[in-house]
Structure formats: C-alpha cells, structure tokens
Amino acid sequence: MSSRTRWKEGIPLYLALTVILSFFALPLLWLLSLSVRTPAEILIAEVRIVPHSPTLQNFVEVLRNQQFLGYLWNGAKLSIIGAAVACAAAAPASYAFSRLQFRGKTQLLFAVLGFQMISPLVIMVPLYRYMQALRLTESHLGAALVYAAVAAPIATWTLKAGFDAIPREIEEAAMMDGCSRSQAFLRIVLPIGLPGLASTFILTTMLGWSQFIVPFILLSQPGMLPISVGIFNFLGAYTGSATQLVAAASVLSLLPAVVIFLILQNFVVGALTAGALKE
Amino acid sequence: MTSVRVIGPEDDPPDGMRRARRRGRDDHPFWWLLPVALLLAIFYLYPVLEVVRISFTDATLLNSTYAYTLDSYRSVLADSALPRIWMATVIFVAGSVIGQTALGLLIALTLQAGFRRRLPGVRTVQVIVLATWIIPGVASAITWQLLLSEASYGFFNAMLRQVSLSPVAWLSDSRLAIWSATLANIWRGTALSMILLYAGLQTISPTLYEAAAVDGATAFQAFRYITLPRLGPALLVNIVIVSIFSLNTFELVMPLTGGGPGRSTEVLALAAYNAVFHDFNLAQGSVLAVLMLLINLGLTIVYWLASRGLR
C-alpha cells in the first residue's frame with residue numbers, strides 16, 4: 001500500500017476521531033475556560049474557549065477561602081484513611097485468594113465483586129440509623145470506615161492480581177526454612193508486592209476522593225465536608241453570582257483524580273473493569 | 001477436596017511438631033479472610049439485611065418506635081408519583097445504555113482502526129475519553145450544568161445563538177431535563193463501554209476479516225456478519241454493567257437537576273433519597289432501596305450467566 005492511499009484511508013478515521021474528541025473534550029475545555037474568566041466576561045454570551053483576558057485570580061480566590069481549603073483537607077483525609085483501611089483489610093484476603101486452596105474460593109471471590117453492584121444508596125437508611133446510634137455520623141472515622149468498605153472489593157481484586165504475579169517459589173523457600181505462612185507474607189510477599197500495594201492504595205484514594213453519597217448522607221457540618229460535597233455546596237452558593245469561582249473550584253476538585261489517572265492509566269482501567277474483562 | 005491441607009505429625013520430625021501445627025493454622029483461609037469479611041459484613045451485608053427489614057415496617061426518622069406492616073409497600077406501589085419515577089428511570093437507564101453502547105462501539109472501532117494504521121493522535125483521543133470517566137461525578141455534573149445553563153455562560157445556548165437559533169431550556173423544561181441528564185451520563189459513562197467493547201473486538205481473529213476481504217465483502221458486510229455476532233457476549237456484559245451503573249447513579253443527577261424541574265428527573269435513586277431525607281419516611285425509602293436492590297440483583301444474575309457464557 002502506498003503512503004498516499006494510506007493517507008486517504010485515514011481521512012474518515014480522522015473525521016471520526018475529531019467528532020469523538022469534540023464531544024468529550026469540549027465540556028472540559030469549557031469548564032477550564034470559565035475558570036480563567038473575569039466576572040465581567042462570564043456575562044458575555046458567546047462561544048469563546050480562550051477568554052479575552054484570562055486570569056488565574058479565581059484560583060487564588062478559591063484557594064484563599066478557608067472553607068474550601070477545609071474541603072480539600074477533609075477530602076484528602078477521608079480518602080487516604082479509607083484507602084489505607086481498605087488495603088490493610090483486603091491484603092490478607094487477596095493473599096489467601098492468590099495462594100491458598102479452599103472450597104468455594106471462586107464463588108467467594110465473585111461474591112466480593114458482587115458488593116460493587118450494590119450502590120451505597122441502597123444501604124444508606126440502615127447505615128445512617130446505626131451510625132447515628134454509634135455516634136458515628138458527623139464523624140470522619142465513621143465515614144472513612146464506610147469509604148473503606150466501599151473500596152474493599154476492588155482492593156481485594158487488584159491486590160490479588162498483584163500477588164498472583166509474584167512467584168510462589170520465593171515464599172515457599174522461606175517456609176521450608178521454617179518461616180510460618182504469615183511471617184512469609186509479612187516479610188517476603190508484602191515487600192515484593194509493594195508496588196502493587198501502592199498502586200491499589202492510590203487507586204482507592206482516587207475513588208474515595210470522588211465519593212459523594214457516603215459523606216453526603218453521613219456528614220452535614222460545613223467544617224467536616226470533603227471536597228465532593230463541598231463543591232456541591234459551592235454550586236448552590238455561587239452559581240449565578242460567581243460562576244467563575246464554581247468553575248475554578250471544580251477544576252481543582254477534578255485535578256488530583258486526572259493526575260493520578262494519567263500516571264496509572266493502565267492499572268486504573270484494569271482495576272475498574274476487574275471481573276468484566278477476566279477470561 | 002477438603003478445605004484445608006492439614007500437615008500431619010508424620011510429615012514432620014517430632015521436634016518440628018509445634019511449628020507444623022502453627023503452620024497448619026496459618027494455612028486456614030478463615031483468618032486471612034476475616035478482616036475484609038468483617039468490613040463488608042458490618043458496612044454492607046448487615047445494612048442490606050436491615051434495609052429489607054425496615055421496608056416491612058412503618059419507621060420514620062421522626063419516631064423511634066415502629067411496627068411491622070406491609071403498608072409501606074402498598075403506599076409506594078399505589079403512589080401516584082411512581083409511574084413518573086419509573087418513566088424517568090427508564091429514560092435515564094435505557095438512554096444511557098443505548099447511547100453509551102452505540103458511542104462506545106463507534107469509538108472502539110475507530111480506535112482499533114487507528115491503532116492498526118498507527119495514526120498519530122489516536123492514543124490522545126483514547127486518554128481524553130477515559131479521563132471523562134475518571135473525574136468525580138459531582139465535577140461532571142457541575143461541568144454539564146455550566147454547559148446546559150440558560151444563563152450567559154451556557155455553552156449550548158451560546159452555540160445556538162451563534163447560528164441564530166433560539167435558546168433551549170435544557171434543564172428547566174420538565175420534558176427535556178431528563179434527556180439532558182441522560183446526555184451528561186452518556187458523556188460520563190461511554191469510556192466504560194469503550195473499554196469493554198474494545199476488549200471484545202480484540203478477541204475477534206483478524207483472519208476472519210482477511211477471508212471476508214478475499215471473498216469481496218464490503219466493510220459494512222464484514223461488520224454485520226463478523227463483528228456484530230462475535231461481539232455478542234461483550235455487548236451483553238456491557239449492557240448489563242451500564243444498566244447497573246446508570247440505575248445506581250445519584251451523584252450526577254443530584255447536583256445537575258436535584259430531581260427537578262418539578263419531579264421530572266427524579267430517578268429511582270433520587271426518589272429513595274428524597275423519601276428518607278426529604279419526607280423523613282424511612283420505610284418508604286427502604287422500599288425504594290429494596291426495589292433498586294432487586295433490579296441490581298436481577299441484572300447481576302444476568303451478568304453472571306452472560307460472563308459464564310463468555311468463558
């Protein structure tokens with residue numbers, strides 16, 4: 001095939017790619033565009049992606065807002081604690097799913113995945129009631145534990161995949177030398193599996209950062225809210241009066257997730273489609 | 001097969017017996033599975049059982065006492081709002097499934113053709129589509145609210161004005177709003193369909209297409225008689241998963257429309273939330289949650305059967 005015909009065949013493909021790109025990229029570009037506008041330019045109704053006088057003032061203003069900083073801090077705190085608990089609880093189970101032979105293993109593994117099909121919304125009524133009875137509403141500890149439970153299935157699956165990739169011979173040699181299985185797990189398998197553990201931790205942190213339903217239901221004091229619910233409140237308070245600030249706040253809220261995704265692309269996609277793409 | 005491999009005393013010299021017993025207990029899956037099992041049992045399994053139990057009561061957030069009754073089911077099923085909730089839910093879920101599958105398939109085919117010809121820029125398009133899926137749901141909702149807004153900063157109406165068309169009430173027209181919300185959900189969820197269908201396409205042997213080309217088949221015929229039938233299982237898995245995710249979607253609709261205007265975009269997930277935190281009716285909220293659970297369960301069974309067929 002000559003390069004000319006190849007180039008010609010590429011035209012419909014590039015057309016399709018352009019259509020796809022515009023549908024998916026334009027909304028984000030528009031958000032970005034609104035976030036660097038002056039209040040006056042928000043009021044001009046025209047399609048202009050690059051504003052006349054772009055400014056970073058909106059970001060400065062949002063980041064100077066004590067409440068918004070609190071949202072960021074709470075979001076980071078909840079998602080990091082939730083991810084740490086999820087990984088700590090899931091790691092031994094993932095190891096068992098990877099190494100031990102026991103009855104009902106496959107069924108249990110899929111049962112764990114089945115929890116992902118249940119929205120936190122379904123369980124919110126009892127959750128709210130007994131978290132209230134345990135005085136765990138309006139508590140970061142209570143919310144973080146629910147974050148951990150929501151993330152636990154995906155953590156179990158991705159950690160198992162990580163342990164599967166570690167050759168058994170290494171820990172078997174250690175166990176021959178008198179190491180118990182739990183010692184072999186703690187001293188040998190976990191250190192070797194650290195990169196997989198770190199990726200799982202980062203992934204579950206990212207999912208926690210996006211978590212909306214759980215904090216929306218369990219937390220209500222403004223000083224306790226994470227970023228996801230925080231920008232929802234921002235939306236109520238500022239749309240219309242200061243849309244550029246809402247846009248800037250939204251950009252700041254999605255930035256960490258996008259950065260993590262760009263670094264861990266294949267891992268993230270693999271983890272989030274676990275089960276669906278397993279042969 | 002027994003559940004645990006027991007290391008008997010005959011396997012070890014006498015002085016190794018204590019160690020062997022310890023190793024045996026170590027090998028039992030129970031202790032390994034306990035932490036995650038506790039976490040899921042306390043925060044998922046028990047609440048699921050509780051929600052079923054509460055659905056058979058008349059509990060409210062205002063009273064601490066309650067009695068067992070079927071009245072909550074009766075009143076939810078007889079509620080004049082229920083047909084409207086079903087309608088909104090069906091449009092949202094079916095629209096998302098059809099839109100995401102069609103668009104996801106188009107993208108998957110384009111990406112495959114692009115990667116095969118090693119066209120530059122294909123990877124970038126793929127990453128941007130994936131990014132829309134990864135950003136927090138609330139941020140997507142706000143992005144779409146700004147796009148669909150009827151104020152000066154609304155992108156779609158600015159576009160319409162540019163070509164001298166009259167603006168559209170995307171989010172405040174009670175008949176249109178649910179479609180706008182569905183469009184936003186398609187934007188957000190298509191990446192998942194793209195991933196699943198792209199993986200499905202990779203399982204089709206290229207020799208089939210070569211044979212078809214030798215026989216003089218057109219590109220459309222190859223798609224119709226090779227791609228579509230072979231993609232069947234992947235399509236089914238995709239449809240089920242997108243249905244479940246769309247049915248469970250709360251964090252997109254809530255900030256985008258809040259269920260309005262009126263109650264025109266009150267999908268099942270929002271109705272369950274409103275019953276509890278708006279009307280303080282725990283029991284009716286639980287009934288709606290049980291309905292969601294049952295639909296999810298049914299879809300999961302279909303998914304399980306479908307993915308078994310894949311293997």
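1. Let's start with chain A: four residues of its domain 1 are in contact with seven residues of its domain 2. On the domain 1 side of chain A, the residues touching domain 2 are three nonpolar and one polar, with no charged residues. Please keep in mind that this is a predicted model.

2. For orientation, the domain assignment of chain A places domain 1 at 3–35 and domain 2 at 58–272. The C-alpha centres of these two domains of chain A are 33 Å apart.

3. Now to the chain pairing, where 75 residues of chain A are in contact with 81 residues of chain B. Helix 2 of chain B (residues 29–55) supplies the largest share of the chain B side, with 14 residues. By class, that side of chain B has 57 nonpolar, 14 polar and ten charged residues.

4. The largest nonpolar core is worth a look too. It holds 173 residues, and those touching the most other members are Ala148(A), Ala152(A) and Ala272(B). Because domain 1 (3–35) and domain 2 (58–272) of chain A both give residues to this core, it lies between them.

5. You may like to centre the view on Ala152(A). Leaving aside residues up to four places away in sequence, Ala152(A) touches Ala86(A), Ala89(A) and Ala90(A) from chain A, along with Val36(B), Leu39(B) and Leu40(B) from chain B.

6. Finally, a word on helix 9 of chain B (residues 206–214): of its nine residues, the number buried is zero, so this helix lies largely in the open. Helix 9 of chain B is followed by Gly216(B), which has a positive phi, near 80°.

Definitions and conventions: Residues are numbered from 1 along each chain as its sequence is written. Chains are lettered from A and ligands numbered from 1 in the order in which they are written. This is a predicted model: local features need pLDDT of at least 70, side-chain atom pairs count only at pLDDT 80 or more; totals for chains, interfaces and linings use all residues. Domain bounds come from an automatic or database domain assignment. Two residues are in contact if their C-beta atoms, placed from the backbone, lie within 7 Å. Ala, Val, Leu, Ile, Met, Phe, Trp, Tyr, Cys and Pro count as nonpolar, Asp, Glu, Lys and Arg as charged, and the others, Gly among them, as polar. Helices (H or I, at least four residues) and strands (E, at least two) are DSSP runs, numbered from the N terminus. A residue is buried if 20 or more other C-beta atoms lie within 10 Å of its own, exposed if 12 or fewer, and partly exposed in between; C-beta atoms are placed from the backbone. A nonpolar core is a set of buried Ala, Val, Leu, Ile, Met, Phe, Trp, Tyr and Cys residues joined through C-beta atoms within 7 Å.
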